[in-house]
Amino acid sequence: MECDRNRDEEIDSICEQCEKILAVDENEHARIAKLQSLFRGHRTRRQVWSGKAATKLQAVFRGHKERDRAQRMLTQFLRVQAAYRGHRTRLRLRQDIGEAFERAQMRRRPRNVAQGIDRVLRVARAMPVQAVAVLFLSLLPQAGAAKDE
């Protein structure tokens, strides 16, 4: 019986300790939660700055740098493409104006300047505004050459 009594006393003392632990007031609960969160933060920061995290950080930065480089290359490509398309359009426009001018020249020569201007205006009405400007500019050097002769 003595053994059972000691055992009961031991169980009672453990229960009393448990009751003391569970009888913690609210402030102490808040302090315990704060300590736990501080330790968890410390543990997380230690894991983040281990070698694996540094490698991941490098990979993320390299990916960002590569995407930035690809965007710059795309912008440069689009600029070159736009410049080429503009060049090609201006070349076609110049050829169309030249053909129209040749057609106008193949007709009989005008009797006077007014008739010549009327013919050029008739041809110009069928062209876009830029083409008309180029056509008139192309006529200017010829008019100057005619005066020199």
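# Exercises on a five-helix chain

The chain's secondary structure amounts to five helices and zero strands, where helices (H or I, at least four residues) and strands (E, at least two) are DSSP runs numbered from the N terminus. This is a predicted model: local features need pLDDT of at least 70, side-chain atom pairs count only at pLDDT 80 or more, and totals for chains, interfaces and linings use all residues. Residues are numbered from 1 along each chain as its sequence is written, and side-chain values use heavy atoms, leaving out hydrogens and water.

**Exercise 1.** Work out where in the chain confidence is lowest and where it is highest.

*Solution.*
- Start with the scale: pLDDT is the predictor's confidence in each residue, from 0 to 100.
- Next, take the average, which is 75 for the chain, with 62% of the residues scoring at least 70.
- Now go helix by helix: α5 (residues 129–148) has the lowest confidence, at a mean of 59, and α3 has the highest, at 87.

**Exercise 2.** Find the salt bridges in the whole structure and place them.

*Solution.*
- Set the criterion: a side-chain nitrogen of Lys or Arg within 4 Å of a carboxyl oxygen of Asp or Glu.
- Run the search over the whole structure, and you get two salt bridges.
- One pairs E66 with R69 at 2.6 Å, N to O; these residues sit three apart in helix α3, about one turn of the helix.
- Another links R72 and D68, with the closest N and O atoms 2.8 Å apart; here the spacing is four residues, again about one turn of helix α3.
- Why can such pairs form? Side chains of opposite charge can pair when their charged atoms come close.

**Exercise 3.** Decide how E66, R69, R72 and D68 are classed by accessibility.

*Solution.*
- Cut-offs come before classes: buried means under 20% relative accessible area, exposed over 50%, and partly exposed in between (1.4 Å probe, protein chains only).
- E66 has 40%, so it is partly exposed, and R69 has 37%, so it is partly exposed too.
- R72, at 46%, counts as partly exposed, and so does D68, at 39%.
- For the wider picture, 10% of the chain's 149 residues count as buried.

**Exercise 4.** Identify the residues that form a nonpolar patch on the surface.

*Solution.*
- Patch members need over 30% relative accessible area and no salt bridge; like charges are joined within 9 Å, nonpolar side chains (Val, Leu, Ile, Met, Phe, Trp, Tyr) within 5 Å.
- L74, F77 and L78 form the patch, with about 290 Å² of accessible area together (Shrake-Rupley method, 1.4 Å probe; for residues, only the protein chains shown count as cover).
- As for L78, this residue lies in helix α3 (residues 51–106) and is partly exposed, because its relative accessible area is 43%.
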